[in-house]
Amino acid sequence: MAATNTTLVSEFKKSVKRRPNAPCYYFQDETWTIKQIDEYSNKIARILQDDGFKKGDVLALMCENRPEYVGVWLGAAKLGVISALINTNLKKQPLVHSISTVKSKAIIVSALYYPEIEAIRESIPDVKLFLLDETKPDLPNLSDLMKTTPASEVKPSEPLQTSDSLLYIYTSGTTGLPKAAIMPNFKVLLGGQVGKHLLSLGSGDVIYNCLPMYHSAGGLIGTIPALILGSSIAIRTKFSASNYFRDCAKYKCNAGIYIGEMCRYLLASKESEADYSHQVVKMIGVGMRGDIWAKFVKRFHVQTIIEFYGATEGNANLVNMDNTEGAVGIIPTLLPTFLHPVAIIQFDLVENQPIRDPKTGLCIRCKYNQPGMIIGEIKQSDPSRHFYGYADKKESQKKILENVFKPGDKYFLSGDMMVMDELGYLYFKDRTGDTYRWKGENVSTMEVEATISKYLPYTEFTVYGVKVGDLDGRAGMIAIVDTSNQVDLKLLVQGLDANLPAYARPLFVRIMKAIEMTGTFKIKKIQLQNEGFDPSQISDDLYVRQGSEFVRMTPNTYEKIMNGEIKM
């Protein structure tokens, strides 16, 4: 790719010449052809160029899923302008940070999210504001400007290169402020390669995408195949469990994208004819848990599930293409370890650092079925092994592990715990931030959740650790969404006792109306951890484990727990 200086824009131009009138994106009752996307993006490029944008400048974009979303960042890309895809869930300081940390010159915002930008305008005085589809007296409106803007091709100020940064995609922000991951042409084009080689996509295929376009799954796998492969993509503004397969039937989709808990929500939805009237035969995504895999395939008649793993900013990429339930990928065990691009190393969850050999000072590979941190070897000369990092170089350095298996080598530190079996299949275990320690033992929240799911089928819940006074470690707590008082806590206790060692059994329960999540369906556990189990601060019903049952938490009970009168 580097030898021919391939860029997304150059590949898109080839697609425009091949099939200008082919459907590119379906949205609601609209059909956008490749030519229409090309002309729309040309107009965006000209407007930006007339406003002084040049190669290397940064444009922030805050907008819901729609064809114009792609048209805006594609237009910027034609100038070599980097688009920062802003998480639409952000407000106030995290939003200011996301715009400022990449030195955005301007931001384009849709009417839906204009109020959030208006609320922070005084904090970003040097960032110009463009409205995508709303009229305000003192602000430029792109829809109006495009009416008089020619759709002819625009030349960038400098030639475009494969190594150029194309997008900034932010980490989900479940902890701390969002970090802008650098996405050069090579990584963005991988979104098309995933569609071509893993889903066997080409002209005539239709992919369903309801995932947010500001993250890599929805923003790359869910957009790029339509730009360079000749496939079409049906876009929905946001995920809806009741409409997922109805939409797939409407647009004649034969492929879909999933992420995280979305599959559990689909299983929890009411059964209907839409479960089998669609044409989806393959789905690709991350986070399909083993405990629901077979149920999902059986109910929705999806023949192939392609589970993959890869952090937005990382280089440790894996894929499971043979439907092995719960596996995120496979590494051939016959290959010598030095040929493996990834490795699993022993990791101290309490100290949050690798365990090193006291004699050599080097990291220690995990044995089969031993949980550890997955890392990816960094080779800056190899685009597939390159670590591009974040816009913030200091944050990038935190993700680089040095002197791993030999002096001077470097690996990307994923932050994710995995285990590999004797056949070479890898299974996601937990994120290091989700693991807690209680009674001197490390507890995996995913393992606890897998047990609970048997007794709370199709119920939204999460497990996390909370501080208990001055006691060491964190005790387990379950937050359960129950709006109709259907959760059987007695049955839950029986299931916990029957399946988990004493230290792994959650001691607290919180009954909620809803659990707050990020835009990619990741639960904001840090917030729940910080809120703890104080009934004077939480209006939800709280319960504490006493003996063989969960009893209602009262202020008096809480006080006794905190001062040690009630032993935990």
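## Briefing: salt bridges, helix pairs and two loop residues

Glu118 is partly exposed, with 37% relative accessible area (buried is under 20%, exposed over 50% and partly exposed in between, using a 1.4 Å probe and protein chains only). Glu118 has a charged partner, since its side chain joins that of Arg121 in a salt bridge at 3.6 Å, N to O (a side-chain nitrogen of Lys or Arg within 4 Å of a carboxyl oxygen of Asp or Glu). Please keep in mind that this is a predicted model, where local features need pLDDT of at least 70 and side-chain atom pairs pLDDT 80 or more, while totals for chains, interfaces and linings use all residues. Residues are numbered from 1 along each chain as its sequence is written, and side-chain values use heavy atoms, without hydrogens or water.

**Salt bridges**

- Searching the whole structure turns up 26 salt bridges.
- On the other side of the Glu118 pair, Arg121 is partly exposed as well, at 30% relative accessible area.
- Asp291 and Arg264 also pair through their side chains, forming a salt bridge at 3.3 Å, N to O.
- Asp291 sits in helix H12 (residues 290-300) and Arg264 in helix H11 (residues 262-268), so this salt bridge ties together parts that are 27 residues apart in sequence (helices are DSSP runs of H or I with at least four residues, strands are E runs of at least two, and both are numbered from the N terminus).
- The two partners differ in cover: Asp291 is partly exposed at 26% relative accessibility, whereas Arg264 is buried at 9%.
- Glu395 and Lys398 make a salt bridge too, with 3.3 Å from N to O.
- This pair belongs to helix H13 (residues 393-398), where Glu395 and Lys398 are three residues apart and therefore separated by about one helical turn.
- Glu395 is partly exposed, with 22% relative accessible area, and Lys398 is exposed, with 57% relative accessibility.
- Salt bridges also connect into a network, whose members are Glu64, Arg66, Glu68 and Asp133.

**Helix pairs**

- Helix H1 (residues 8-18) and helix H2 (residues 34-50) have axes that come within 9 Å and cross at roughly 135 degrees (axes are lines fitted to C-alpha atoms over the stretch in contact, with angles from 0 to 180 degrees between N-to-C directions).
- The H1 and H2 pair is therefore oblique (under 35 degrees is roughly parallel, over 145 roughly antiparallel, 65 to 115 roughly perpendicular, and the rest oblique).
- Further along the chain numbering, helix H14 (residues 445-455) packs with helix H15 (residues 489-499) at an angle of about 135 degrees, their axes being 9 Å apart.
- H14 is thus oblique to H15.

**Two loop residues**

- Look for Thr162 in the loop that runs between helix H6 (142-147) and strand E7 (165-170).
- Although it is a loop residue, Thr162 is buried, and its relative accessible area is 9%.
- From Thr162 to Asp348 the separation is 186 residues in sequence and 39 Å in space, C-alpha to C-alpha.
- Leu339 belongs to the loop between strand E15 (327-330) and strand E16 (342-345).
- The relative accessible area of Leu339 is 47%, and this residue is partly exposed.
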